[in-house]
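Me: I would like to learn how to read a protein structure. Please take me through a few features.

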Amino acid sequence: MLSPNLKARLSSPLKVGNVEVKSRVLQSPLSGVTDLVFRRLVRRYAPDSMMYTEMVSATELHHVKKLPKIMEVDANERPISIQLFDCRPDFLAEAAQKAVAEGADTIDINMGCPVNKITKKGGGSSLLRQPQIAEAIVREVVNAVDVPVTIKTRIGWSDEEITILDFAKRMQDAGAQMMTIHARTRAQGYNGNARWEWIGRVKEVLSIPVIANGDIFSVESAVQCLQSTGADGVMCSRGTLGYPFLVGEIDYFLKTGEKLPPPTPIQRLECAREHLQALWEYKGDRGILQARKHMTWYAKDFVGAAQLRAELSLIETVQQGVNLIDRTLEQLN
Ligand SMILES: Cc1cc2nc3c(=O)[nH]c(=O)nc-3n(C[C@H](O)[C@H](O)[C@H](O)COP(=O)(O)O)c2cc1C
């Protein structure tokens with residue numbers, strides 16, 4: 001299934017400016033998900049892969065003294081990118097310097113977020129409609145830091161405005177060192193299929209690495225996407241919710257041509273329990289509230305999963321969650 005051509009093309013490290021990454025599979029930034037706890041789990045199975053923090057507002061960062069928890073990275077957590085969003089080049093440059101001081105190997109700028117609250121203030125995907133501001137952002141951030149600056153964006157604002165080819169070239173000319181393309185328009189949100197054909201077109205016009213994003217849910221879809229687009233790597237997103245194994249599974253396949261056996265329901269639930277306990281230790285009660293959604297994502301594809309999901313979505317304490325998972329583990333064992 002892994003053609004010799006594809007294997008050869010992807011066997012060298014991914015070069016992001018002067019940073020070499022020994023994996024072609026990346027874990028996407030996911031707000032409310034890719035905190036330090038989640039990234040540790042992904043990293044266990046994908047030691048070489050690039051990870052991203054949740055997106056951090058440069059304006060908020062400008063106004064606070066203490067670094068927000070979502071920007072925290074482990075000292076030995078590498079390669080790691082801190083993702084920033086905003087529309088102000090000066091605030092983004094300042095935020096980028098703080099991110100480098102925290103240990104970021106690259107700075108990623110979010111130009112794809114579709115959420116109204118963000119786009120109304122000129123950030124996220126609204127930058128697709130303001131390419132001059134986007135260029136100014138890239139130039140100013142590149143000048144402010146000596147790590148590579150990368151962009152994550154969409155193919156355009158709407159079907160009537162698929163502007164990615166021009167936009168991508170402008171970002172490269174402004175100094176971006178890698179582009180990740182979520183192959184949907186802003187208007188699509190997360191609906192409909194990712195239109196990978198646009199990633200192939202972007203790849204044809206750029207010389208910097210292009211990372212394909214959108215609908216990478218399995219080893220098969222990753223291979224199909226890499227083959228059809230010519231992209232330099234793939235980034236996994238919703239496929240990792242409740243499944244921190246995905247990046248590692250794809251990476252292993254691309255390196256060896258062999259598929260890892262999928263984790264059993266027991267292994268997935270053990271992972272869920274560890275995730276819950278770690279979120280509690282890291283964030284306290286707020287961690288439990290956040291853990292509810294993670295737990296419901298883990299609890300699927302076994303007898304009794306629906307009931308467990310319903311119960312886990314209501315947990316108030318770490319112990320309640322652990323008891324529910326342990327009870328299910330006993331039944332499955
Ligand atoms: C819960 C959630 C949070 C997200 N947060 C971010 C984010 O902070 N930064 C970002 O660039 N994209 C974010 N995204 C977009 C994803 O990184 C990705 O581009 C998108 O989900 C498409 O990939 P998929 O079809 O494989 O899910 C988020 C998506 C989801 C579902």
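Reply: Start with burial. A residue is buried when its relative accessible area is under 20%, exposed when over 50%, and partly exposed in between, using a 1.4 Å probe and protein chains only. Take R39: its relative accessibility is 1%, so R39 counts as buried. Keep in mind that this is a predicted model, where local features need pLDDT of at least 70, side-chain atom pairs count only at pLDDT 80 or more, and totals for chains, interfaces and linings use all residues. Residues are numbered from 1 along each chain as its sequence is written, and side-chain values use heavy atoms, with hydrogens and water left out.

Me: How many of the residues of helix α2 are buried?

Reply: First, the elements: helices (H or I, at least four residues) and strands (E, at least two) are DSSP runs, numbered from the N terminus. Helix α2 covers residues 36–45, and 7 of its 10 residues are buried, so the rest of the structure largely encloses it. The buried ones are L36, V37, F38, R39, L41, V42 and R43.

Me: What covers the buried residues of α2?

Reply: Look for contact, which means heavy atoms within 4.5 Å. The cover includes the strands β3 (25–27), β4 (51–52) and β6 (80–85). It also includes the helices α10 (246–256), α11 (265–283) and α12 (285–298).

Me: Which residue forms a salt bridge with R39?

Reply: The rule is this: a side-chain nitrogen of Lys or Arg lies within 4 Å of a carboxyl oxygen of Asp or Glu. R39 pairs with E77, and their closest N and O atoms are 2.4 Å apart. The two sit in distant parts of the chain, 38 residues apart: R39 in helix α2, E77 in the loop between α3 (58–63) and β6. E77 is buried too, at 7% relative accessibility.

Me: How many salt bridges does the structure hold?

Reply: There are 20. One of them joins D35 to K283, with 2.7 Å between the closest N and O atoms. D35 is in the loop between β3 and α2 and K283 is in helix α11, so this pair ties together parts 248 residues apart in sequence. D35 is buried, with a relative accessible area of 3%. K283 is buried as well, at 14%.

Me: Is E316 buried or exposed?

Reply: E316 counts as exposed, at 56% relative accessibility. Its side chain meets that of R292 in a salt bridge, at 3.9 Å from N to O. R292 counts as partly exposed, at 23%.

Me: What is the nearest side chain of opposite charge to R43?

Reply: For charge, Lys and Arg count as positive and Asp and Glu as negative; His and the chain ends are not counted. For R43 that side chain is E77, 4.9 Å away. R43 is buried yet has no salt bridge. Leaving aside neighbours within four places in sequence, R43 is in contact with D48, S49, M51, E77, R78 and P79.

Me: Where are the domains, and how is their shared surface described?

Reply: Domain bounds come from an automatic or database domain assignment. Here they are domain 1 (4–256) and domain 2 (265–332). Buried area is the accessible area (1.4 Å probe) that two parts lose on being put together, summed over both. These domains bury about 1300 Å² between them, 65% of it on carbon and sulfur atoms. In domain 1, V37, K69 and G242 lose the most area to domain 2, together 35% of what that side buries. The count of salt bridges between the domains is 2.
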